[in-house]
Amino acid sequence: MRSSSSELLLDQQQELRKRKLLELAQPKKKPPKRTCRERIWFYTTSFLAMTAVGGGSSLLFLVPLYVDPAISTLAADFAPEPVKCVTTRREELCGILNCTWSSCREGCTSDMYSCTHIYVMYTTAPYYTDDGDGNWTSTSTSPSTSTTTTTTTTTPSPGENFTEDAVLLVNIKGCGYPPEVDCDNFTTMYGKVNAEFPCYYSRENRTVVLIHYDREEHVAIIIHYFAVPFIVTLATSVVLCVMYCDCRCGSERDRRRRRARRCAVEDARYVPLSVHDTR
């Protein structure tokens with residue numbers, strides 16, 4: 001009995017080995033080729049997914065670097081026309097407690113251990129310069145701080161009413177990155193006492209003054225760096241949802257579920273009757 005059982009086990013093991021060898025010897029089946037529709041579906045999905053991820057990732061960098069300063073600048077409501085500014089004093093400070101803000105700083109993320117405070121006084125009347133022929137024309141600064149030039153002309157009105165000391169900033173955040181922000185050039189031109197130049201004051205906070213302001217430029221930044229990526233990300237996400245998720249109305253889904261339940265109940269009723277008839 002023992003010998004017969006052992007022989008049966010050996011035979012079974014040999015059969016299993018033969019089957020495995022035959023399976024390994026058979027050529028592997030090639031995966032079925034994708035149809036043209038499946039290829040289009042795959043590449044469309046890949047493109048939409050990469051676009052959605054890229055748009056969302058770009059918002060993470062563009063919003064704090066460009067969109068937030070632009071919104072803050074528009075919210076400050078700066079005067080559209082330049083006014084006359086005169087530097088009253090300049091302070092060079094050291095220490096993290098003394099440097100809670102700076103008129104100009106290259107880099108906006110690191111801690112400040114040395115800073116420059118520039119204070120100015122300004123008039124609310126528009127700034128004019130003499131063109132040499134006795135004509136007075138309005139002037140403004142150029143968009144780039146590195147190419148802004150100071151002027152020493154005065155307004156034609158003899159009596160000028162200056163405000164109290166205000167803070168001069170290179171932009172609403174007081175910081176930036178080269179080549180847009182050049183703090184050495186900024187401090188050299190605007191940090192001299194009694195230096196005279198056109199500037200823009202905030203009508204919301206009259207203690208804040210900028211050397212350059214262009215409303216259309218900041219609106220364009222918000223549109224290009226926030227609105228466009230946000231709309232692209234939202235549109236691609238909606239298309240992916242429609243392609244892969246059941247985005248139909250809830251009423252239609254409920255109807256289909258009710259139909260399936262009715263069919264199941266009817267099948268359960270008819271099955272016992274058919275079995276009884278066969279008996």
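**Notebook: strand β6, salt bridges and surface patches**

I began with the pairing of strand β6 and noted that Val 83 stands opposite Cys 199 of that strand. The model I am reading is a predicted one.

**Entry 1: strand β6**

I looked up the partners of β6 on both counts. Strand β1, residues 83-94, pairs with β6 in the antiparallel sense, and I recorded 4 bridges for this pairing. Strand β7, residues 208-210, also pairs with β6 in the antiparallel sense, here over 2 bridges. Within that second pairing, I found Leu 210 of β7 as the bridge partner of Tyr 200. The connection from β6 to β7 is a hairpin of 6 residues.

I then checked how far β6 is covered. The strand spans residues 196-201, and 6 of its 6 residues are buried. I sorted the side chains by direction: Glu 196, Pro 198 and Tyr 200 point one way, while Phe 197, Cys 199 and Tyr 201 point the other way. Residues of both sets are buried.

**Entry 2: salt bridges**

I obtained a count of 6 salt bridges. I examined several of them, beginning with Asp 77 and Arg 203, whose side chains meet with an N to O distance of 2.9 Å. This pair links distant parts of the chain, 126 residues apart: Asp 77 belongs to the loop between α2 and β1, and Arg 203 to the loop between β6 and β7. Is each partner buried or exposed? I found Asp 77 partly exposed at 29% relative accessibility, and Arg 203 partly exposed at 40%.

I turned next to Arg 89. A salt bridge joins Arg 89 to Glu 91, with the closest N and O atoms 3.2 Å apart. A salt bridge also joins the side chains of Arg 89 and Asp 165, at 2.5 Å from N to O. The latter pair spans 76 residues and links distant parts of the chain, from Arg 89 in strand β1 to Asp 165 in the loop between β4 (136-138) and β5. Through shared partners, Arg 89, Glu 91 and Asp 165 are joined into one network. I noted the relative accessibility of each member: Arg 89 is partly exposed at 32%, Glu 91 is partly exposed at 26%, and Asp 165 is partly exposed at 38%.

**Entry 3: surface patches**

I searched the surface for a nonpolar patch and found one formed by Leu 60, Phe 61, Leu 65, Tyr 66, Tyr 177 and Tyr 225. Together these residues have about 630 Å² of accessible area. Which helix gives the most to the nonpolar patch? I found helix α2, residues 36-76, which gives 4 residues. I took Leu 65 as an example; Leu 65 lies in α2 and is partly exposed, with a relative accessible area of 47%.

I also recorded a patch of positive charge on the surface, where Lys 30, Lys 33, Arg 34 and Arg 39 gather. Of these, I looked up Arg 34, which is found in the loop between α1 (2-25) and α2. Arg 34 has 46% relative accessibility and therefore counts as partly exposed.

**Entry 4: Val 181**

Last, I located Val 181 in the loop between β5 (166-169) and α3 (183-190). Why does Val 181 count as buried? Its relative accessibility is 6%, and the cut-off for a buried residue is under 20%. I also noted that the C-alpha atoms of Val 181 and Glu 106 are separated by 6.8 Å, although the two residues are 75 residues apart along the chain.

Note on methods: Residues are numbered from 1 along each chain as its sequence is written. This is a predicted model: local features need pLDDT of at least 70, side-chain atom pairs count only at pLDDT 80 or more; totals for chains, interfaces and linings use all residues. Side-chain values use heavy atoms; hydrogens and water are left out. Buried means under 20% relative accessible area, exposed over 50%, partly exposed in between (1.4 Å probe, protein chains only). Patches are made of residues with over 30% relative accessible area and no salt bridge: like charges are joined within 9 Å, nonpolar side chains (Val, Leu, Ile, Met, Phe, Trp, Tyr) within 5 Å. Accessible areas come from the Shrake-Rupley method with a 1.4 Å probe; for residues, only the protein chains shown count as cover. A salt bridge is a side-chain nitrogen of Lys or Arg within 4 Å of a carboxyl oxygen of Asp or Glu. Lys and Arg count as positive and Asp and Glu as negative; His and the chain ends are not counted. The place of a charge is taken as NZ of Lys, CZ of Arg, CG of Asp or CD of Glu. Two strands pair if DSSP finds at least two bridges between them.
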